[in-house]
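User: Please take a close look at the sheet in this model and at what packs on it. I am a first-year student, so explain each term when it comes up.

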Amino acid sequence: MILRALSCIIAAAAISCTNTGNQAPVPRRVAYPRVELYDSTYVNVTGLPVMFAVNSSTGVKINEKSADTYWINIDYFRYGATVRLTLQMLPKQEIAAAIANRMERAMLDTGGYPTELTELTSPSGVASTIMLTPSATVTPLHFIATDSATFVLSGAVQFKSADIEANTPAVNAIHADLLHAAKTITPRP
């Protein structure tokens, strides 16, 4: 009995040590270093006719293009990404056309890939749409907000690298920041 058990163990060891030669080496997947995400702390953007919160770790640059148009860049230096926004102060009758134009532009940027839409309204009555297109390489996020009376705030997130897999944690973090911004956007009195 012991001899039979011992011979089974030796046979199993011999079989497991044989190399049939049919096993091709398989390369490992590319590994990406994890980007350290910013804390979820926010500050209000100042110097604009509307107010909204941005991540406190970002850099904000405002360029007044004209009396009624502002370009806002929110730089996520660690992520290699910039949220590029345009704030247009418009008469009520021009807002629908401006939103349609921005929606068309966003849909062209998505390249036909599946897009998740998030629509919400802030406590001050500002309606926002955030478009998340995980398969888009350079501009996976778009943002449009309006009070339907005086302004349209629109833009996209642009990444320096087109590596979708490496950018995914940053895309998710910026998406959360845009959701927070949409919840806090308020026209200045």
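Analyst: Start with one pair of residues: I62 has I72 as its bridge partner in β5. The strands β4 and β5 pair in the antiparallel sense over seven bridges, where two strands count as paired if DSSP finds at least two bridges between them. They form a hairpin with two residues between them. Helices (H or I, at least four residues) and strands (E, at least two) are DSSP runs, numbered from the N terminus.

This is a predicted model, in which local features need pLDDT of at least 70 and side-chain atom pairs count only at pLDDT 80 or more, while totals for chains, interfaces and linings use all residues. Residues are numbered from 1 along each chain as its sequence is written, and side-chain values use heavy atoms, with hydrogens and water left out.

Now the whole sheet. Seven strands make up an open sheet, in the order β4-β5-β6-β10-β9-β8-β7, with antiparallel pairing. The edges are β4 (59-66) and β7 (116-121); each has a single partner strand, so one side of each is left without a neighbour in the sheet. On average, neighbouring strands of this sheet are turned by 15° against each other, direction ignored. Axes here are lines fitted to C-alpha atoms, for helices over the stretch in contact, and angles run from 0 to 180 degrees between N-to-C directions.

Two helices pack on the sheet. Helix α2 (residues 92-109) touches β6, β8 (127-132), β9 and β10 (151-159), and its direction makes about 175° with that of β9. Helix α3 (residues 164-184) touches β5, β6, β7, β8, β9 and β10, and its direction makes about 175° with that of β8. Contact means heavy atoms within 4.5 Å.

Next, the pairings inside the sheet. In general, strands of a sheet pair through backbone hydrogen bonds, either parallel or antiparallel. Strands β5 (residues 69-76) and β6 (residues 81-89) run antiparallel and are joined by eight bridges. One residue of this pairing is Y70, whose bridge partner in β6 is L87. Strand β6 also pairs with β10, again in the antiparallel sense, over nine bridges. There, R84 stands opposite A156 in β10. Strand β10 is mostly covered, as eight of its nine residues are buried; buried means under 20% relative accessible area, exposed over 50%, and partly exposed in between (1.4 Å probe, protein chains only). With β9, strand β10 pairs in the antiparallel sense over six bridges, and T146 has V152 as its bridge partner in β10. A hairpin joins β9 and β10, with four residues between them, and S148 in the turn has a positive phi of about 65°.

One residue of β9 (residues 141-146) is H142. H142 counts as buried because its relative accessibility is 4%. Leaving out residues up to four places away in sequence, H142 touches A106, D109, T129, I130, M131, G155 and A156. With D109, the side chain of H142 makes a polar contact of 3.0 Å. A polar contact is a pair of N or O atoms within 3.5 Å; within protein, one must be able to donate a hydrogen and the other to accept it, and residues adjacent in sequence count only if both atoms are side-chain atoms. H142 and R84 are 58 residues apart in sequence, and their C-alpha atoms are 9.4 Å apart in space.

Finally, helix α3. At its start, a side-chain oxygen of D163 comes within 3.3 Å of the backbone nitrogen of E165. The 21 residues of α3 should span 30 Å at 1.5 Å a residue, and its end C-alpha atoms are 29 Å apart, which agrees. The expected span is 1.5 Å times one less than the number of residues in the helix. At A170, α3 bends by about 30°, the bend being the angle between axes fitted to the seven residues ending there and the seven starting there. Buried residues of α3 include N167, A170, V171, I174, D177, L178 and A181. D177 is also in contact with N55, a residue of strand β3 (residues 53-55). N55 is buried, with a relative accessible area of 2%, and a polar atom of its side chain lies 3.0 Å from the backbone oxygen of D39.
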